[in-house]
Amino acid sequence: MGFFTKDIKSLNDLFMHGLQDLYYAENQIMKALPGMIEKATDVQLRAGFEKHLAETEGQVHRLREVFELLEAEPKGDKCPAIDGILREGRDLMSEIDDEDVMNVGLVAAAQAVEHYEITRYGALIAWATELGRTDLVPMFKANLAEEKATDQKLTQMAERRVNPRAEKTDKPSKPKSTARRKAPKTAAPVKAKRSAKKARRRA
Ligand SMILES: [Fe+2]
Ligand SMILES: [Fe+2]
């Protein structure tokens with residue numbers, strides 16, 4: 001089922017699609033978090049991921065309660081948005097060796113997940129309310145509160161720069177060229193000409 005097929009005919013269908021989407025997403029996030037915990041070396045970040053893994057298990061449980069109230073079987077619907085966000089996170093992790101850079105990358109990847117969840121829970125709350133199913137709203141609101149709190153903690157971590165050394169690690173090429181430009185005019189003019197020729201030839 002997808003947004004561009006005609007399976008979604010009413011707001012109720014849209015709501016069910018959104019719920020199944022999010023149920024799928026929370027389950028995928030639950031599977032992805034252990035890998036992120038393993039990669040995180042920053043103590044606070046690691047602890048934050050561990051806490052959010054436990055919260056995510058609780059969130060899945062709350063969504064199951066929603067299905068129960070709807071007298072429907074808990075069912076996930078493959079969501080390409082969360083698949084893409086998680087795949088990008090995995091790709092990023094495989095590209096980074098430096099631990100400090102990894103922590104910074106993990107914060108950004110995790111925030112992309114939280115922002116996704118925040119928008120989806122916001123929509124489900126609005127739709128459930130419109131459909132007169134206010135009995136479902138407390139479960140969504142409880143999950144949303146945890147996503148928002150996690151996002152705020154990640155923002156704080158990003159602001160204090162999990163990695164103050166990250167900037168210094170990829171600078172070697174820039175200072176070299178700056179140093180060459182700033183060298184006194186009297187210093188080895190012949191050499192300078194030669195290297196300029198070489199540079200032209202290389203180009
Ligand atoms: Fe979640
Ligand atoms: Fe989350």
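**Exercise 1. Place P138 in the fold and decide how much of P138 is covered.**

Step 1: P138 sits in helix α5; helices here are DSSP runs of H or I with at least four residues, strands are E runs of at least two, and both are numbered from the N terminus. Step 2: P138 comes out as partly exposed because its relative accessible area is 49%. On this scale buried means under 20% relative accessible area, exposed means over 50%, and partly exposed is in between, with a 1.4 Å probe and protein chains only. Step 3: look across to V66, which is 72 residues from P138 in sequence but 9.8 Å away in space, C-alpha to C-alpha.

A word on the ground rules: this is a predicted model, so local features need pLDDT of at least 70 and side-chain atom pairs count only at pLDDT 80 or more, while totals for chains, interfaces and linings use all residues. Residues are numbered from 1 along each chain as its sequence is written, chains are lettered from A and ligands numbered from 1 in the order in which they are written, and side-chain values use heavy atoms, with hydrogens and water left out.

**Exercise 2. Work out what holds the iron ion (ligand 2).**

Step 1: collect the donors, meaning N, O and S atoms within 2.8 Å of the metal (3.2 Å for Na, K and Ca); water is not among the atoms, so sites may look incomplete. H52 gives NE2, E114 appears twice through OE, and E117 and E147 each add an OE, at 2.0 to 2.5 Å. Step 2: along the chain, the donors of this ion read H-x61-E-x2-E-x29-E. Step 3: map the ends of that pattern, and you find H52 in helix α2 (residues 43-69) and E147 in helix α5 (residues 137-159), 95 residues apart. Step 4: check the cover. H52 is buried at 3% relative accessibility, and E147 is buried at 0%.

**Exercise 3. Do the same for the iron ion (ligand 1), then connect the two sites.**

Step 1: the protein donors are E26 (OE, listed twice), Q59 (OE1), E117 (OE) and E147 (OE), lying 2.0 to 2.3 Å from the ion. Step 2: their spacing is E-x32-Q-x57-E-x29-E. Step 3: E26 belongs to helix α1 (residues 11-39) and Q59 to helix α2, so this pair ties together parts 33 residues apart in sequence. Step 4: E26 is buried, with a relative accessible area of 0%, and Q59 is buried at 0% too. Step 5: for the link, go to E117, which coordinates both iron ions; they are 3.3 Å apart.

**Exercise 4. Find the aromatic pairs and classify two of them.**

Step 1: apply the rule that rings of Phe, Tyr and Trp (its six-membered ring) pair if their centres lie within 6.5 Å, with planes under 30 degrees apart stacked, over 60 edge-to-face and the rest tilted. That gives 3 aromatic pairs. Step 2: F15 and F140 have ring centres 6.1 Å apart and planes at 70°, so call the pair edge-to-face. F15 is in helix α1 and F140 in helix α5, so the pair ties together parts 125 residues apart in sequence. Step 3: F15 is buried at 1% and F140 at 0%. Step 4: the rings of Y23 and F67 are 5.2 Å apart between centres with planes at 75°, so this pair is edge-to-face. Both Y23 and F67 are buried. Step 5: group what connects, and F15, Y121 and F140 make one aromatic cluster.
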